[in-house]
Amino acid sequence: MENIISEYATPLLVYNRKKDEKAMAGYKEGFASIFINTAIFIIKIFFGLLINSISLMTDAFHTFSDITTSGIVLWASHTYKKPPDKRHPFGHGRVEYIASLIIAVLLIVVGLTFIQQSGERLLMKKFLIVEKNAYLIGIIILITALMKEELARYGIHLGKKFGNEMLIADAWHHRSDALTSIAVAIGIFMAPFGYGWIDPLLGIAIALVIIYTGYDIGRHAGDRLLGIKFPEDEKRLEEIVKNIEGVKGVHGILFHDYGTEKVVSFHLEVEKDLTVEEAHKLADKVEEKVRDFSYIPVVHIEPK
């Protein structure tokens, strides 16, 4: 009896610990992002209004959208930890992909809004004029870009370490903000030389980057929600299973990604003269190997 309890309890404890660690990574990244982005937003919106720069104000609201998405990260991290229930027998792990999809939609809306505003400035020839402190303001914006890049690296590090795709998506959001801030700083540096028309053009370029980032994040999250093939995992699974003595082959592999739970079902080809007991023992052996591969296996025995 103790062996049976140990067999099922140990993997469950490991799984719960990993889920808690993944959620904690979300809390760390979320709170750090909100704190840093709030400070950067205040800096950008202040100088954007001071010099009437559409590209800088666009960039400021890009940063503000980072605060919003980090709030979504915190909400998703809290929901992610909830155990399975009657309505959600596979847990709440897919909230990670839902959160990423919300982030993507917000990015696209922000981008489209600022394309409109930048286009209006071009048509009305309301160009940036900076006569004083252009270099100082530009340097300050470059410093904020460095801060966002460090925040992006932190998010990617946590995302890869704990297998949290939502954090990686949020990190690329930060990185796109860092890149656009560099473009804004260039526009501010050029303004005193009579190139103020660069500002609305950069506003459009920044908006396009934001829209593409949103599209890419949304496509990735949508693939996970709709279901997608995992060729590398399929190849690795075939290698693992086929190297087990008594297995003749494997086919009909299907992966189901529920975020916290990952299920794989497949047909296991075995000798047709195996007894039911022998086939059952072989299936148990295969399932044990597949669990080490971080998937919950569903095996169908097929005599050959």
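## A walk through the helices

Let's begin with helix 6: at 1.5 Å a residue, its 29 residues should span 42 Å, and because its end C-alpha atoms lie 41 Å apart, the expected and modelled spans agree. Just after helix 6 comes glycine 227, whose phi is positive, near 105 degrees.

Keep in mind that this is a predicted model. The average pLDDT of the protein is 78, and 89% of the residues score at least 70. Confidence is highest in helix 4, with a mean of 88, and lowest in helix 1, with a mean of 69. Over residues 1-15 the pLDDT drops below 50, and this stretch has 4 contacts in the model beyond near neighbours in sequence.

Helix 4 is a good place to turn to the charged side chains. How many salt bridges does the model hold? The count comes to 7. In one of them, aspartate 66 meets lysine 148, with the closest N and O atoms 2.3 Å apart. That pair links distant parts of the chain, since aspartate 66 sits in helix 2 (residues 54-80) and lysine 148 in helix 4 (residues 134-162), 82 residues apart. Are these two residues buried or exposed? Both aspartate 66 and lysine 148 are buried.

Lysine 148 has another partner in aspartate 177, where the closest N and O atoms are 2.6 Å apart. Here the link runs between helix 4 and helix 5 (residues 165-190), which holds aspartate 177, and the two residues are 29 residues apart. Aspartate 177 is buried, as is lysine 148.

A salt bridge within helix 4 joins arginine 153 to glutamate 149, with the closest N and O atoms 3.0 Å apart. The two residues are 4 places apart, about one turn of the helix. In an α-helix there are 3.6 residues a turn, so residues three or four places apart point the same way. Why does glutamate 149 count as buried? Its relative accessibility is 17%, and because buried means under 20%, glutamate 149 falls in that class. Leaving aside residues up to four places away in sequence, glutamate 149 touches Arg175 and Ala178.

Now for the nonpolar side chains. The largest nonpolar core has 31 residues, and Leu56, Ile137, Ile141, Val184 and Ile188 touch the most other members. Helix 1 (2-51), helix 2, helix 3 (95-124), helix 4, helix 5 and helix 6 (198-226) each give two or more residues to this core. Valine 184 shows what such contacts look like: beyond residues up to four places away in sequence, valine 184 touches Ser55, Leu56, Asp59, Ile141 and Ile206. A second, separate core has 16 residues, among them Leu237, Val247, Val264 and Val290.

Finally, the aromatic rings form 6 pairs. Phenylalanine 41 and phenylalanine 64 make a tilted pair, 5.2 Å centre to centre with 50 degrees between the planes. This pair connects helix 1, home of phenylalanine 41, to helix 2, home of phenylalanine 64, across 23 residues. Phenylalanine 41 is buried at a relative accessible area of 16%, whereas phenylalanine 64 is partly exposed at 38%. Phenylalanine 64 also pairs edge-to-face with phenylalanine 61, at 6.4 Å centre to centre and 65 degrees between the planes. Both of these lie in helix 2, 3 residues apart, and phenylalanine 61 is partly exposed at 36% relative accessibility. Ring pairs thus link Phe41, Phe61 and Phe64 into a cluster.

Terms used:
Residues numbered from 1 in each chain as written. Predicted model: local features only at pLDDT ≥ 70, side-chain atom pairs only at ≥ 80, totals over all residues. Heavy atoms only, no water. Salt bridge = Lys/Arg side-chain N within 4 Å of Asp/Glu carboxyl O. Buried < 20%, exposed > 50% of the residue type's maximum accessible area, 1.4 Å probe, protein only. Core = buried A, V, L, I, M, F, W, Y, C linked by side-chain atoms within 4.5 Å. Contact = heavy atoms within 4.5 Å. Expected span 1.5 Å × (residues − 1). pLDDT = per-residue confidence, 0-100. Phe/Tyr/Trp six-rings, centres within 6.5 Å; stacked < 30°, edge-to-face > 60°.
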